[in-house]
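Please open the model in your viewer, show it as a cartoon, and keep the selection tool at hand. The tour moves from the whole chain to single residues, one stop at a time.

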Amino acid sequence: MIRSLIAAALALVAASPAHAADTCATPADAKVATSTDTAALNKGVACRTARIKGRQDTIVGLQAANKVDADQVAARVARLEQLAKPAAASSAPKLAGLVAEGDSITVEWGGNYAGLWRKAHPGASLTTLAVSGARISDPTGGNGLVQRLPALLAAKPAVVSILIGANDLGDGQYATPDAWLSALWDVTAQVRASGAKAAVGTVLPICFTEANMADYVARHAQRRLVVNPAIRAAVGSKIDAVFETADALGGDRAPCTDRKLWKDGIHPSDSDGKGGGGQDRVYAVYASVIDKLLAGAPVAGVSTPVVTPSAPAIVTALPAAIPSNFDRTALILGGAPIPPSAAPDVVGAFRFICQAGQLLKDDPIVWPGQPGKAHALHQFFGNLSGDANSTFASLRAKGESTCMNELNRSAYWMPAMLNAALDVIRPDYISVYYKRRPASDPECKRMAARGCTGLPNGMKLIAGFDHDLTGPQPAENRVFHWRCATNQVHRDNLTDALADCGGAGQVLGTVNFGSCWNGAADSPDHRSHVVHEVFDSMTGKPGCPAGYDQIIPELTQTMAWTITKADGAVRLSSDPATGKAGTTLHADYMPAWDEPTLTGAMANCIDKLRNASDGDLCDGTIMKRRAGFGYIADPRVVPAPVGTMTVGMVH
């Protein structure tokens, strides 16, 4: 019927182009393709067909009008045919139910969290693919999430839960926690690509107490402190939700002291039917997340993606000097003898001692204005107000100082030293000194075009290991060493230096900053505006590279820690979880001196080739020490601030 109408209409276009009044636009021509009004569409067909029949073929000018009507008839008929067809079935697979993936903690039985979920959800679809001893990938044994992915995807689940990490996070299969995370994200990406939602549990602790498991347990604990915050931060970008199994059993840093929550060194205790077992606690957090995901409801606290602020612009101009807002004379003592000459050394020296200050997961150079963003816990010293929001202006405005007194409101920081329990070992003291040839030395202008100058107050600078680089560190970064305090044997790592002390004693870590300066306050890597001298192979003499036309006093920091055998395996917060400790030593610096004190020390100590120490200003005065100063840390060991510990990555 419809096809015959179209044919008749098209035949009449050529034969009868007569045009009547336009009363046939029903529905409106522009709405035909989306109309669902079949009565109006049929009316339009009949009306326009009748109108075509009534036209006279002698009026050639109306041929176009007939063509328009015929096209509109065809459009209406086509839409009617579309409406008459049944709706096409969706090609997307129907997803339903839950797949639980993981290792022996997830292998389903009546007393664990997967079994408890099934019991509480009779009739629900639960497929448990977890296998005891499972890893993220196990190409040899086939016992990995990656190898089970085909079976997982074939189940077409709506939600996939993953709780894993006990077997391969601490045994060295993955060189770094980031490598482990990358493998996990490859799995969750494929899960989410299938249309399913992915929920990942934070990694549980390992609680073995056997002596031969100590290193394994420590490595696992250190890596948990990296991967668990990363799992939480991945919600919205790499996963859809996180279930806090770690918090259910005491938090990321909690020791396994509540034995009723643990069946052995690795498995939570079975459900006791009253909610008191470790598996009961895991089930409680698991069900609260999974049930909401299956129902399509938002999961509280995990639905907002993490937004990473853009990197701040690098300011290369030095800030203007800011006068001190206190009476500087009250912080200076008179009657000090003039220090002796440093000769035959060719450099003058200005030294002072600092004590440990605040512990923060902040880095005002690399992550300014972003508290807690730094990837390693930092030991600050100097200005006690130093934090992520510090600037030259804020440091000059306030803050007592652990470096003699407020005349030096500079901020200094480095990675914290950790014992095997992941508590912080505080430095006994930090020795800081500046050395440079006197400005009158002719060698200054031979080595750098503009000669020797003072310390740039307000600059930013990092020296030592650079984790942003891959492969071997360049010589410019290999500017630190370790040694046992009882000898002068320099080591490139803490482990060997501590062995020189017989496994316990005071160890020293030293970082040397450069002295060749290009005049900038900062640089994109916060390092390359100040570099070390290089030797000319032809003359055998030191000099500054091209582009570095000034020599500033070289800053050297030596940190002293007392290590006991009770500390166990010690390492820096920035160190990898495996290998020798202390290989990532580095230091950051934001000078914020009282200007008269700084310029006086440069002029009277360094430019007069004096060998000054302990804050001696080389003019008969000396910086007053802050109250309570000592050369031994007390307390020596303190807990890391809650939520600030991250191991395995710097900056």
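**The whole chain**

Begin with everything displayed, and keep in mind that this is a predicted model. Colouring by secondary structure should bring out 13 helices and 26 strands. Of the 651 residues, 51% count as buried, and the protein exposes about 27,600 Å², of which carbon and sulfur atoms supply 58%. Among contacts between residues at least 6 apart in sequence, 74% join residues at least 24 apart.

**Helix H4 and its surroundings**

Select residues 113-120, which form helix H4, and show the side chains of its buried residues, namely Tyr113, Ala114, Gly115, Leu116 and Trp117. Which elements do these buried residues pack against? If you add strand E1 (98-102), strand E2 (126-128), strand E3 (159-163) and helix H9 (278-295) to the view, you have the elements that the buried residues of H4 pack against.

**Ile164 and the largest cavity**

Move next to Ile164, in the loop between E3 and H6. Is Ile164 buried or exposed? With a relative accessibility of 5%, Ile164 counts as buried, because the cut-off for that class is under 20%. Leaving out residues up to four places away in sequence, Ile164 touches Asp103, Ala134, Arg135, Ile136, Leu145, Trp180 and Val203. For a distance to draw in the viewer, join the C-alpha atoms of Ile164 and Glu101, which are 8.0 Å apart in space although 63 residues separate them in sequence.

Stay with Ile164, since this residue also helps to line the largest cavity. Rolling a probe the size of a water molecule over the atoms shows where empty space is left. The structure holds 2 cavities of 30 Å³ or more, and the largest has a volume of about 70 Å³. To frame the largest cavity, select its lining residues: Asp103, Ile105, Leu163, Ile164, Gly165, Ala166, Val203, Leu204, Pro205, His220 and Ile266.

**Thr188 in helix H6**

Select residues 177-193 to bring up helix H6, and pick out Thr188 within that helix. Thr188 has 0% relative accessibility and therefore counts as buried. Its side chain reaches the backbone oxygen of Trp185 at 3.1 Å. Beyond its neighbours within four places in sequence, Thr188 is in contact with Ile162, Ala198, Val200, Lys238 and Ile239, so showing these residues as sticks will display its surroundings.

**Strand E13 between two partners**

Now select residues 429-436, which make up strand E13; because 7 of its 8 residues are buried, the strand is largely enclosed by the rest of the structure. Which strands pair with E13? One partner is strand E7 (residues 348-354), which pairs with E13 in the antiparallel sense over 7 bridges, and here Ala349 stands opposite Lys435. The other pairing to show is with strand E22 (residues 554-563), again antiparallel and over 7 bridges, where Val432 of E13 stands opposite Gln557.

**Two cis peptide bonds**

From E7, step back to the loop between strand E6 (332-333) and E7, where you will find Pro344. The peptide bond from Ala343 to Pro344 is cis, with omega near 10°. A further cis bond runs from Asp634 to Pro635, with omega near 5°, and Pro635 sits in the loop between strand E25 (622-623) and strand E26 (637-638).

**Two residues with positive phi**

Select His526, in the loop between strand E17 (516-517) and strand E18 (530-531). His526 is not a glycine, yet its phi is positive, at about 65°, and its relative accessible area of 9% makes it buried. Continue to Asp614, in the loop between helix H13 (595-606) and E25. Asp614 also has a positive phi, of about 60°, without being a glycine, but with 26% relative accessibility Asp614 counts as partly exposed.

**Last stop: Thr578**

Finish at Thr578, in the loop between strand E23 (571-572) and strand E24 (586-590). This residue is partly exposed, with a relative accessible area of 30%. Which distance could you draw from Thr578? Draw a line between the C-alpha atoms of Thr578 and Arg223, which are separated by 9.9 Å while lying 355 residues apart along the chain.

Notes:
Residues numbered from 1 in each chain as written. Predicted model: local features only at pLDDT ≥ 70, side-chain atom pairs only at ≥ 80, totals over all residues. Heavy atoms only, no water. Helix = DSSP H or I, 4+ residues; strand = E, 2+ residues; numbered from the N terminus. Buried < 20%, exposed > 50% of the residue type's maximum accessible area, 1.4 Å probe, protein only. Contact = heavy atoms within 4.5 Å. Areas by Shrake-Rupley, 256 points an atom, 1.4 Å probe, with all protein chains shown as cover. Polar contact = N/O pair within 3.5 Å; in protein donor to acceptor, adjacent residues only side chain to side chain. Pairing = 2+ DSSP bridges. 1 Å grid on protein atoms, 1.4 Å probe; cavity = no way out; pocket = protein on both sides within 12 Å on 5 of 7 lines; lining within 4 Å. Points joined across faces, edges and corners; volume = space filled by probe spheres on them.
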